[in-house]
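Visitor: I am new to this structure and would like a close look at a single part of it. Please take one helix and its surroundings, and go through them step by step.

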Amino acid sequence: MDYDFDFIKATVQKFQKGKRYSHTLGVAKEAYELGKLFLPEKAKKLYLCGLLHDITKDFKTDKQLLLCKEYGILFDENNVIPKLLHSKTGCEYAKRLFGEEIVDNEIYNAIFYHTTARANMSLFEAIVYLADYIEEGRTFEDCVKLRNYFYENIKNSNSYEEKLGVFIKTMVLSFDYTIKNLIEEEKQIDYDTVCARNYFLTCKTI
Ligand SMILES: [Fe+2]
């Protein structure tokens, strides 16, 4: 499918200013690069998903919660993790905005799980998740460490299988960093993230 990237970018830009939009472009580019390595036939679709993944990120928590109600997204009201809400609302918001021909199930799920990841996630979903973590505009120490780890090891890998092994290890490391930080900050850990770590720790391929 040919996407009208100019139109999509112009629309996304209405929701995002400055740094946020730069991050969006960074994720799209990173997802495209990872796509070229692991899922070349879907590289353009990954670029699109990168453009859309944070569409509701700048909405306030109140608005996120209202959208969850409107969309029938279930969550434990006593256990809201505000930072994660935009992934749960973003997929449905993007679908209503651009239509389900553009935001199909694959893109929908990749947006839905781009913050937490999940067990048994598809390679497409995992690429969007990792692209969000390591895009070139990220300067947070763990992001830089993870980006360097990934590309240093990719450089030394020859076969697709070896590269996929590096990808899987990088996913595990990302969860380690995230979970360690959440513990240090005395914050909740989303159940899907724990399950995702367990999954990637033992999976051989994706
Ligand atoms: Fe993001």
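Guide: The buried residues of helix H6 pack against H3, H5 and H7. In this predicted model, H6 covers residues 105-112, and its buried residues are Ile-107, Ala-110, Ile-111 and Phe-112. A general point on helices helps here: an α-helix has 3.6 residues a turn, so residues three or four places apart point the same way.

Two of the partners of H6, namely H3 and H7, also pack against each other. H3 spans residues 43-52 and H7 spans residues 123-134, and their axes lie 10 Å apart at an angle of about 50 degrees. Because of that angle, H3 counts as oblique to H7. The crossing of H3 past H7 is right-handed. On the H3 side the contact is made by Leu-46, Cys-49 and Gly-50, and on the H7 side by Phe-124, Ile-127, Val-128 and Ala-131. Sorted by class, this contact has 6 nonpolar residues, 1 polar residue and no charged ones.

The remaining partner of H6 named above is H5, which covers residues 85-98, and Leu-84 sits in the loop between helix H4 (61-71) and H5. Leu-84 is partly exposed, because it has 17 C-beta neighbours inside 10 Å, while a buried residue needs 20 or more. Leaving aside residues up to four places away in sequence, Leu-84 touches Thr-115, Thr-116 and Asp-190. From Leu-84 to Thr-115 is 31 residues in sequence, yet their C-alpha atoms are 6.2 Å apart in space.

Methods
Residues numbered from 1 in each chain as written. Predicted model: local features only at pLDDT ≥ 70, side-chain atom pairs only at ≥ 80, totals over all residues. Axes fitted to C-alpha atoms, helices over the stretch in contact; angles between N-to-C directions. Helix = DSSP H or I, 4+ residues; strand = E, 2+ residues; numbered from the N terminus. Parallel < 35°, antiparallel > 145°, perpendicular 65-115°, else oblique. Left-handed = near helix turned anticlockwise from the far one by under 90°. Contact = placed C-beta atoms within 7 Å. Nonpolar A, V, L, I, M, F, W, Y, C, P; charged D, E, K, R; others polar. Buried ≥ 20, exposed ≤ 12 C-beta atoms within 10 Å, placed from the backbone.
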